[in-house]
Amino acid sequence: MRTAIGVLFYNKPTLTKQCLTALAHAGLTDERIYLVDNGSEKGVLTKLENEAISLGLRNLTSIRIPDNRGFSAGMNTALKASFDDNVCNAAVLLSNDVFVSPDFFSQLKKTHLSPNEIHCPRVYH
């Protein structure tokens, strides 16, 4: 099973880098990350693409939405891209303020993630 990981952000490159760093330490195997820029200022997406490469996140597709369309539209963009690629059969949707634990994906696969499922974890601050 291959999992799509949608990461949505609007500006805030430092926060998004923390999210990507957590993903880099989460034991990803064949997951594909869809990094969706929801209308950020010019240059933010390029900076984050470079950060992802430096973190070793090579299985990444970046998508730029020209204007902020909100959370749902941004996540739908990630899902559509993953379906269009036809390589993923499950999805996890993350806002850029979500920092997964190192065992997040291994635990999710053991207990919850099945083909054709979409998960969007809740975050409590």
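1. The loop between strand 1 and helix 1 is a good place to start in this predicted model, and Asn11 is found in that loop. Its phi is near 55°, a positive value in a residue other than glycine. Asn11 is buried, because its relative accessible area of 15% falls under the 20% limit used for that word.

2. Lys12 also has its place in the loop between strand 1 and helix 1, and Lys12 has a positive phi of about 50° although it is not a glycine. Is Lys12 buried or exposed? With 54% relative accessibility, Lys12 counts as exposed, since the word applies to values over 50%.

3. The largest nonpolar core has 22 residues, and those with the most contacts inside it are Leu23, Leu35 and Val100. At least two residues of this core come from each of the following elements: strand 1 (3–9), helix 1 (13–24), strand 2 (32–38), helix 2 (44–54), strand 4 (90–95) and helix 4 (104–111). A second, separate core of 13 residues includes Ala4, Ile63, Leu79 and Cys88. As background for both, nonpolar side chains in soluble globular proteins tend to be buried together.

4. Which residues does Val100 touch, once those up to four places away in sequence are not counted? They are Ala22, Leu23, Ala26, Leu94 and Phe105. Of these, Ala22 is found in helix 1 and counts as buried at 13% relative accessibility. Leaving aside neighbours within four places in sequence, Ala22 is in contact with Phe99 and Val100. The C-alpha atoms of Ala22 and Pro102 are separated by 7.2 Å, although these two residues are 80 apart along the chain.

5. Phe105, another residue touched by Val100, counts as buried at 2% relative accessibility. The structure holds one aromatic pair. The rings of Phe104 and Phe105 have centres 4.9 Å apart and planes at 90°, so this pair is edge-to-face; the reasoning rests on the rule that planes over 60 degrees apart are given that name.

6. Asn38 has its place in strand 2, and with a relative accessibility of 3% Asn38 counts as buried. Where does a polar atom of the Asn38 side chain lie 3.0 Å from a backbone nitrogen? The nitrogen belongs to Arg69. When neighbours within four places in sequence are left aside, Asn38 is in contact with Leu8, Phe9, Tyr10, Ile65, Asp67, Asn68, Arg69, Gly70 and Phe71, a list in which Arg69 appears again.

Notes: Residues are numbered from 1 along each chain as its sequence is written. This is a predicted model: local features need pLDDT of at least 70, side-chain atom pairs count only at pLDDT 80 or more; totals for chains, interfaces and linings use all residues. Side-chain values use heavy atoms; hydrogens and water are left out. A nonpolar core is a set of buried Ala, Val, Leu, Ile, Met, Phe, Trp, Tyr and Cys residues joined through side-chain atoms within 4.5 Å. Buried means under 20% relative accessible area, exposed over 50%, partly exposed in between (1.4 Å probe, protein chains only). Helices (H or I, at least four residues) and strands (E, at least two) are DSSP runs, numbered from the N terminus. Contact means heavy atoms within 4.5 Å. Rings of Phe, Tyr and Trp (its six-membered ring) pair if their centres lie within 6.5 Å; planes under 30 degrees apart count as stacked, over 60 as edge-to-face and the rest as tilted. A polar contact is a pair of N or O atoms within 3.5 Å; within protein, one must be able to donate a hydrogen and the other to accept it, and residues adjacent in sequence count only if both atoms are side-chain atoms.
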